[in-house]
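Open the model in your viewer and keep the sequence panel in sight. The stops below tell you what to select next and what is there.

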Amino acid sequence: MGGGTGEAPNIHIMIIDTLDNFSKYSAMNPLFADVEKFLAENDLNALEEGKYEIKGKDLFVNVTTAKGRTPEEAVLETHRVMLDIQIPLSCEETFGYTPAEDLPEAEYNEAKDITKIPGLAAQSYVTCRPGMFAVFFPQDGHAPCIAQQDIKKVIFKVKA
């Protein structure tokens with residue numbers, strides 16, 4: 001395994017867990033410690049909607065209310081520069097998941113760091129309830145906002 005350099009391969013997998021366990025993942029990215037600090041110092045439910053910069057363009061959080069979608073309406077997306085930590089606050093949120101390597105080529109919007117692949121069903125689905133989080137790395141195609149109602153949520157954008 002690897003090229004004989006003695007370094008561990010850089011492997012990341014989508015993560016689904018409870019917020020109580022977030023600290024267990026701090027070694028995966030140097031900015032996760034800053035996310036953990038923000039989580040400890042802020043009541044996510046009390047935050048006003050908007051963007052909060054934590055470490056400039058490398059780490060920020062968006063608090064938003066997103067329109068709930070059906071699995072058919074949800075759009076698969078990927079990011080190249082940032083990873084997402086998505087935390088539903090108001091209700092359960094289901095995420096479609098397809099590895100990026102299984103997605104067709106699509107136009108990348110560099111300014112927004114996003115590639116959207118509409119009209120394609122995800123290969124699998126996972127559900128997070130309030131108190132849980134999902135981490136999507138650049139190789140994780142994900143279709144957020146699947147819910148029967150609008151979702152108040154927090155999305156940390158972390159430089160991968």
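Two strands pair if DSSP finds at least two bridges between them. Strands (E, at least two residues) and helices (H or I, at least four) are DSSP runs, numbered from the N terminus. This is a predicted model: local features need pLDDT of at least 70, side-chain atom pairs count only at pLDDT 80 or more, and totals for chains, interfaces and linings use all residues. Residues are numbered from 1 along each chain as its sequence is written, and side-chain values use heavy atoms, with hydrogens and water left out.

**Stop 1: the hairpin of β2 and β3**

Select residues 50–55, strand β2. Strand β2 pairs with β3 in the antiparallel sense, over five bridges. β3 covers 59–66. Center on K55: its bridge partner in β3 is L59. Three residues lie between the two strands of this hairpin. Among the hairpin residues, G56 takes a positive phi near 60 degrees.

**Stop 2: from K55 to the helix**

Stay on K55 and show side chains. Which residue forms a salt bridge with K55? It is D34, with the closest N and O atoms 3.7 Å apart. A salt bridge here is a side-chain nitrogen of Lys or Arg within 4 Å of a carboxyl oxygen of Asp or Glu. D34 sits in helix α1 and K55 in strand β2, 21 residues apart, so the pair links distant parts of the chain. Now color by accessibility (buried is under 20% relative accessible area, exposed over 50%, partly exposed in between; 1.4 Å probe, protein chains only). D34 is buried at 18%. K55 is partly exposed at 42%.

**Stop 3: along β12**

Select residues 151–159, strand β12. Eight bridges join β12 to β3, and the two pair in the antiparallel sense. One contact to label is A66, whose bridge partner in β12 is I151.

Next, pick K157 and D84. They form a salt bridge, the closest N and O atoms being 2.5 Å apart. K157 belongs to β12 and D84 to strand β5 (residues 82–88), so the pair ties together parts that are 73 residues apart in sequence. Both K157 and D84 are buried.

Move along to K153. Its side chain meets that of E93 in a salt bridge, at 2.5 Å from N to O. K153 lies in β12 and E93 in strand β6, so this pair ties together parts 60 residues apart in sequence. Is K153 buried or exposed? K153 counts as buried, at 1% relative accessibility. E93 is buried too, at 0%. The structure holds four salt bridges.

**Stop 4: β6 and β11**

Extend the selection from E93 to strand β6, residues 93–99. β6 runs antiparallel to β11, and five bridges join them. Label Y97 and H142: H142 is the bridge partner of Y97 in β11. Then take all of β11, residues 140–146. Seven of its seven residues are buried, so β11 is largely enclosed by the rest of the structure.

**Stop 5: β1 and its two faces**

Select β1, residues 15–18. In a regular strand the side chains alternate between the two faces of the sheet. In β1, I15 and D17 make up the covered face. I16 and T18 make up the uncovered one. Strand β10 (residues 132–136) pairs with β1 in the antiparallel sense over four bridges. I16 stands opposite A134 in β10.

**Stop 6: loops**

Follow the chain past β1. M28 is in the loop between β1 and α1 (32–41). M28 counts as partly exposed, at 26% relative accessibility. Draw a C-alpha distance from M28 to A160: 9.6 Å in space, against 132 residues in sequence.

For another loop, go to P104, between β6 and β7 (108–109). P104 is partly exposed, with a relative accessible area of 45%. Here the C-alpha distance to R129 is 30 Å, with the two positions 25 residues apart in sequence numbering.

**Last stop: R69**

Finish in the loop between β3 and β4 (76–78), where R69 is found. R69 is partly exposed, at 31% relative accessible area.
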